[in-house]
Amino acid sequence: MLQADADPSEFRYSATNNISYMYQVYCSYILLFKNTTKQDDFMAAQHLQDGLKMLVRKYYQPVAGWFDVRGDDIDVVFYADKFNDPPLTTQTLDIDSKELASHVYKSNVALLVPDCPSSFISRENRDIPMFLVKATYLESNDAMTLGVTYHHSLMDGTAFWTFMNNWASLCKQLYDQVSPGLVPLIPNPPSFGFPGISHLHKSELQVDHSEYALVDSSSFTRVFLSGKDKIKENLFVISVEQQHGLRQMAKEFGVSFNTILCAIFWKEISVLRYNARPSTAQDISLFTCATNPRAQLGLSKNLCASPVINLAEPRPIGEVAAMELRDVALLVSQTVAKGSAEYVYSSTSFLLAQRQKEISNEKLGISGDKIMLVYVCPAYAKCVVSSSRNFPIYQSDFGFGQPEYVRPPYLPFDGCMRIWPTPQSACSGTANNEAPLEIYLSQPDYVDFTQSPLLSPFIVPSLL
């Protein structure tokens with residue numbers, strides 16, 4: 001973290017090393033709260049706004065800052081005396097709590113999530129907010145939702161849920177009037193600034209970085225595209241008893257629980273797609289997952305950054321469909337194991353080199369290729385996995401109890417698979433083996449999961 005010589009109130013740090021220009025997207029969630037104690041000031045907007053403003057100005061100044069593009073570097077700039085405060089908008093609906101819950105379960109983003117500007121960081125677009133909130137109330141005051149959106153270049157899931165729980169804790173203390181007149185303490189004060197990782201360089205490490213795609217500039221996009229097929233979101237629920245069976249299978253295969261989950265879904269997606277359309281046998285089935293190398297890099301969970309990297313393994317659909325489940329599980333395990341600290345350095349170097357080429361091409365007026373995350377490309381059959389099992393999602397108590405439900409909004413692109421905790425999960429922030437688990441999965445609507453003996457037991461009457 002550097003202080004500017006010209007302006008002693010200005011501070012900046014580089015966001016480039018956290019691969020920020022690959023994660024120039026907004027991520028959103030919808031939190032549903034019930035007013036079970038029938039309090040008049042339930043989740044009052046001014047209460048939320050005061051807590052949020054205090055949080056960013058006292059503890060999260062970069063979240064009330066600006067992006068600054070300098071050549072191939074992206075900085076976060078913030079000041080001691082001026083702030084780009086996160087916007088909080090409100091609305092009140094004349095519907096009942098059951099209908100509001102239905103909008104949450106169906107992921108009605110247009111109604112419940114704040115409108116966002118372009119998330120692409122540029123010299124012309126540096127004032128974009130890094131966090132936005134939309135609070136939706138009911139005339140009856142029986143329930144409300146918080147639609148929250150954050151810029152992924154500044155926060156990964158770990159940093160975001162730490163931010164949310166700090167905000168909730170601060171609001172709860174303000175509501176309970178703990179230490180009136182003083183700025184309350186938060187449970188997990190953040191740190192900022194991605195550490196240098198040049199010492200991780202290993203010249204002998206050979207990596208093809210199949211998680212990225214070089215595409216013609218005319219095909220380049222940062223928007224998730226669904227491709228030619230109509231995409232449908234499917235909900236699976238894995239009971240505690242079913243998890244016990246999967247854990248036993250994982251133990252027999254010598255892999256983790258998450259790995260066996262990924263393997264089952266990747267294989268069965270491939271089987272069902274091949275059975276429905278045998279002509280796709282040689283088309284690519286792409287397994288890719290987001291992994292967080294905080295442990296490998298020695299990064300605290302309180303570091304507000306986005307060190308997430310993606311790992312990928314492309315195979316023909318017919319090949320994955322024909323493989324034994326044990327072999328698919330081992331392939332998934334080998335793919336995830338690639339994500340070492342040295343791999344993070346290699347990935348960062350690869351991206352920086354490509355970005356420098358893109359900047360040079362722009363100066364010369366040459367279109368050239370551009371780099372994008374391969375899972376954004378609509379050309380593959382995909383199983384794109386992110387797991388939120390370990391996040392303290394249900395700890396966000398603003399003074400009126402934990403959320404009734406938290407919904408990851410529907411992303412309409414092929415293969416999006418989200419492993420998601422349920423309200424019964426422990427509030428410790430670690431995966432609870434004794435609670436049901438949800439899987440949100442987007443696939444073409446011709447994929448019939450009732451035909452899968454492995455996945456059909458997880459199908460439940462849909463809330464979607």
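**Briefing: a buried loop residue, two sheets and the aromatic pairs**

I393 counts as buried, because its relative accessibility is 1%, under the 20% cut-off. The model is a predicted one. I393 sits in the loop between β14 (381–387) and β15 (405–407). The strands on either side of this loop belong to two open sheets: β14 is part of a sheet of six strands, and β15 is part of a sheet of five strands. The points below start with I393, then take the five-stranded sheet, the six-stranded sheet, the aromatic rings and T259.

**Surroundings of I393**

- Apart from neighbours within four places in sequence, I393 is in contact with W161, S388, P403, V406, W420 and P421.
- One of these contacts, V406, falls within β15 (405–407).
- Two others, W420 and P421, fall within strand β16 (residues 416–421).
- W161 lies in helix α4 (residues 157–176).
- F160 also lies in α4; the C-alpha atoms of I393 and F160 are separated by 9.8 Å, although the two residues are 233 apart along the chain.

**The five-stranded sheet**

- This open sheet has the strand order β6-β7-β8-β3-β15, and its pairing is mixed.
- Its edge strands are β6 (88–93) and β15, each of which pairs on one side only.
- Neighbouring strands are turned by 15° against each other on average, with direction ignored.
- Nine bridges join β3 (residues 26–34) to β8, and the two strands run antiparallel.
- Along this pairing, the bridge partner of L32 is T145 in β8, and L31 stands opposite L146 in β8.
- Helix α4 packs on the sheet, touching β3, β6, β7 (131–138), β8 and β15; the direction of α4 makes about 135° with that of β8.
- On its other side β3 pairs with β15, again in the antiparallel sense, over three bridges.
- In that pairing, I30 stands opposite R407 in β15.
- β3 is mostly covered, with eight of its nine residues buried.
- In a regular strand, side chains alternate between the two faces of the sheet.

**The six-stranded sheet**

- The strand order here is β10-β17-β16-β14-β11-β12; the sheet is open and its pairing is mixed.
- β10 (231–238) and β12 (309–316) are at the edges with a single partner strand each, so one side of each has no neighbour in the sheet.
- The twist from one strand to the next averages 20°.
- Within the sheet, β16 (residues 416–421) and β17 (residues 437–444) run antiparallel and are joined by five bridges.
- R418 has Y440 in β17 as its bridge partner.

**Aromatic rings**

- The whole structure holds 22 aromatic pairs.
- W66 and Y79 form an edge-to-face pair, with 5.7 Å centre to centre and 70° between the planes.
- This pair links distant parts of the chain, with W66 in strand β4 (residues 66–70) and Y79 in strand β5 (residues 73–79), 13 residues apart.
- W66 and Y79 are both buried.
- Y150 and F160 form a stacked pair, with 4.3 Å centre to centre and 15° between the planes.
- The partners are ten residues apart: Y150 is in strand β8 (residues 143–151) and F160 is in helix α4 (residues 157–176).
- Y150 and F160 are both buried.
- Ring pairs link Y29, F33, Y60, F131, Y150, F160, W161, F163, W167, F192, F398 and W420 into a cluster.
- Among the members of this cluster, W161 and W420 are also contacts of I393.

**Charges over rings**

- K82 lies over the face of Y79, at 4.3 Å from the ring centre; Y79 is the ring that pairs with W66.
- R247 lies over the face of F257, at 3.9 Å from the ring centre.

**T259 in helix α6**

- T259 lies in helix α6 (residues 257–276).
- T259 counts as buried because its relative accessibility is 8%, again under the 20% cut-off.
- The side chains of T259 and S256 are joined by a polar contact of 2.8 Å.
- Beyond its neighbours within four places in sequence, T259 is in contact with A329, V332 and S333.

Definitions and conventions
Residues are numbered from 1 along each chain as its sequence is written. This is a predicted model: local features need pLDDT of at least 70, side-chain atom pairs count only at pLDDT 80 or more; totals for chains, interfaces and linings use all residues. Side-chain values use heavy atoms; hydrogens and water are left out. Two strands pair if DSSP finds at least two bridges between them. Helices (H or I, at least four residues) and strands (E, at least two) are DSSP runs, numbered from the N terminus. Axes are lines fitted to C-alpha atoms, for helices over the stretch in contact, and angles run from 0 to 180 degrees between N-to-C directions. Buried means under 20% relative accessible area, exposed over 50%, partly exposed in between (1.4 Å probe, protein chains only). A polar contact is a pair of N or O atoms within 3.5 Å; within protein, one must be able to donate a hydrogen and the other to accept it, and residues adjacent in sequence count only if both atoms are side-chain atoms. Contact means heavy atoms within 4.5 Å. Rings of Phe, Tyr and Trp (its six-membered ring) pair if their centres lie within 6.5 Å; planes under 30 degrees apart count as stacked, over 60 as edge-to-face and the rest as tilted. A charge sits over a ring if NZ of Lys or CZ of Arg is within 6 Å of the ring centre and within 35 degrees of the ring normal.
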